[in-house]
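Here's a small set of exercises to work through with the model open beside you. Try each task before reading its solution.

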Amino acid sequence: YLVWDATTLAQVLAVEQETELDVYSVSWSPDSARLAMPGAYSVRIWDVKSATQVATLSEYDSNTESVDGVAWYLDGTRLLVAQHQVIRLWEVSSQTVLREYRLSDVTDTTILALALSPTGDRFAIGSSRGSVFVFSTDTGKLLDTLRTQDMAEDVFFLDWSPLGDQLIGSGHSGPITIWSLDESRIEDTFPVGTDIYILRVMRFSPYGGRLAYGGQLSRHTSAALLSGSEQSLLDGAARIVVADPSLHRLATIQAACAESDGVITSIAVPQREAALDEYIAQVEAVPVEQLPPGCAADLVAVARALQSQ
């Protein structure tokens with residue numbers, strides 16, 4: 001694992017894996033101070049600033065299953081770790097298990113991905129045959145079962161919207177599915193593009209207005225035809241999209257932004273698409289110290305995607 005300072009481009013941490021990995025991604029803590037690095041049977045926590053390992057989360061015995069996924073709580077003090085049919089809630093500082101869930105409701109399910117809601121009250125697992133299962137973190141009980149349109153595709157990637165209202169999921173070859181959790185239905189689905197051979201990562205933006213994904217490009221690629229709601233980076237290996245833009249989604253994001261800084265409440269959410277030009281200009285005119293940059297970027301991106309429809 002290699003970590004760089006994004007400003008100076010200096011390498012600040014290099015960690016060799018101890019064992020062959022079953023999970024191929026690291027997970028940043030919410031404050032970006034620590035990294036959770038999954039190994040075959042444990043999760044190591046590293047402090048990036050001091051470049052020291054501060055914890056090892058392991059329930060290792062001869063019957064321990066490999067780590068299938070990890071997810072941080074927003075307070076940064078706890079971590080969910082999925083191992084086969086068991087989900088463990090760890091307290092990082094004491095390196096102790098606070099709670100353990102055995103997924104008796106889905107006994108034939110292999111955990112391929114793990115996501116935690118922003119409030120920490122629910123977690124979701126990606127599984128085989130296009131299934132996503134949502135559980136209560138209080139009781140470990142199954143709350144909902146979501147399906148992809150392609151039931152043959154395993155769900156290897158999951159992310160929970162920062163607003164808590166949507167889940168995204170996909171297999172290695174797509175398509176990407178967005179579920180509305182309020183209504184337990186598919187909100188949208190779209191392909192990753194024929195030039196991306198294998199999907200490797202997928203994440204929501206800080207306010208849930210955009211989706212970034214990327215992967216391994218095909219050997220023979222052509223310039224992708226991008227819509228007004230899509231950006232291409234790294235020669236097409238990474239994409240940023242506004243999926244299913246709507247005035248309702250714009251209002252939802254603005255309401256979340258208002259919780260961070262009330263200045264956005266003085267700007268009226270447009271009721272028709274003809275007013276989007278004025279709205280974009282108003283958002284862009286708000287000083288950066290009065291509106292979180294991630295909020296402004298998501299609002300403008302969704303509004304421009306609406307204009308391009």
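**Exercise 1: a threonine in a loop**

Leaving out residues up to four places away in sequence, Thr-148 touches Gly-130, Val-155, Thr-177, Trp-179 and Ile-186; contact here means heavy atoms within 4.5 Å. Before going on, note that this is a predicted model, where local features need pLDDT of at least 70, side-chain atom pairs count only at pLDDT 80 or more, and totals for chains, interfaces and linings use all residues. Residues are numbered from 1 along each chain as its sequence is written, and side-chain values use heavy atoms, with hydrogens and water left out.

Task: work out where Thr-148 is placed, and decide whether Thr-148 counts as buried or exposed.

Solution. Step one: find the loop between strand S14 (142–147) and S15, which is the place of Thr-148. Helices (H or I, at least four residues) and strands (E, at least two) are DSSP runs, numbered from the N terminus. Step two: check the cut-offs, which are under 20% relative accessible area for buried, over 50% for exposed, and partly exposed in between (1.4 Å probe, protein chains only). Thr-148 has 11% relative accessibility, so Thr-148 counts as buried.

**Exercise 2: the sheet after that loop**

Task: give the strand order of the open sheet that includes S15, and say which strands stand at the edges.

Solution. Step one: the 4 strands run in the order S15-S16-S17-S18, with antiparallel pairing. Two strands pair if DSSP finds at least two bridges between them. Step two: strand S15 (157–160) and strand S18 (185–190) are at the edges; each has a single partner strand, so one side of each has no neighbour in the sheet. The twist averages 20° from one strand to the next. Step three: look at one pair, S16 (residues 166–170) and S17 (residues 176–180), which are antiparallel over 4 bridges. Here Gln-166 stands opposite Ser-180 in S17.

**Exercise 3: two hairpins**

Task: for the hairpins S1–S2 and S5–S6, find which residue takes a positive phi.

Solution. Step one: S1 (residues 2–4) and S2 (residues 11–14) run antiparallel, joined by 3 bridges, and Trp-4 stands opposite Gln-11. There are 6 residues between these strands, and Leu-9 has the positive phi, near 65°. Step two: S5 (residues 43–47) pairs with S6 (residues 52–57) in the antiparallel sense over 5 bridges, and Asp-47 stands opposite Thr-52. That hairpin has 4 residues between the strands, and Ala-51 takes a positive phi near 55°.

**Exercise 4: a serine and a helix**

Task: list what Ser-205 contacts, leaving aside its neighbours within four places in sequence.

Solution. Step one: locate Ser-205 in the loop between strand S19 (196–204) and strand S20 (211–217). With a relative accessible area of 9%, Ser-205 is buried. Step two: the contacts are Pro-162, Arg-210 and Asp-298. A polar atom of the Ser-205 side chain lies 3.0 Å from the backbone nitrogen of Arg-210. Step three: Ser-205 and Asp-298 are 93 residues apart along the chain, yet their C-alpha atoms are separated by 7.6 Å. Step four: Asp-298 is among the buried residues of H3, which also include Cys-295, Leu-299 and Val-302. Helix H3 (residues 293–308) has 16 residues, so at 1.5 Å a residue it should span 22 Å, and its end C-alpha atoms are indeed 22 Å apart. The expected span is 1.5 Å times one less than the number of residues.

Definitions and conventions. A polar contact is a pair of N or O atoms within 3.5 Å; within protein, one must be able to donate a hydrogen and the other to accept it, and residues adjacent in sequence count only if both atoms are side-chain atoms. Axes are lines fitted to C-alpha atoms, for helices over the stretch in contact, and angles run from 0 to 180 degrees between N-to-C directions.
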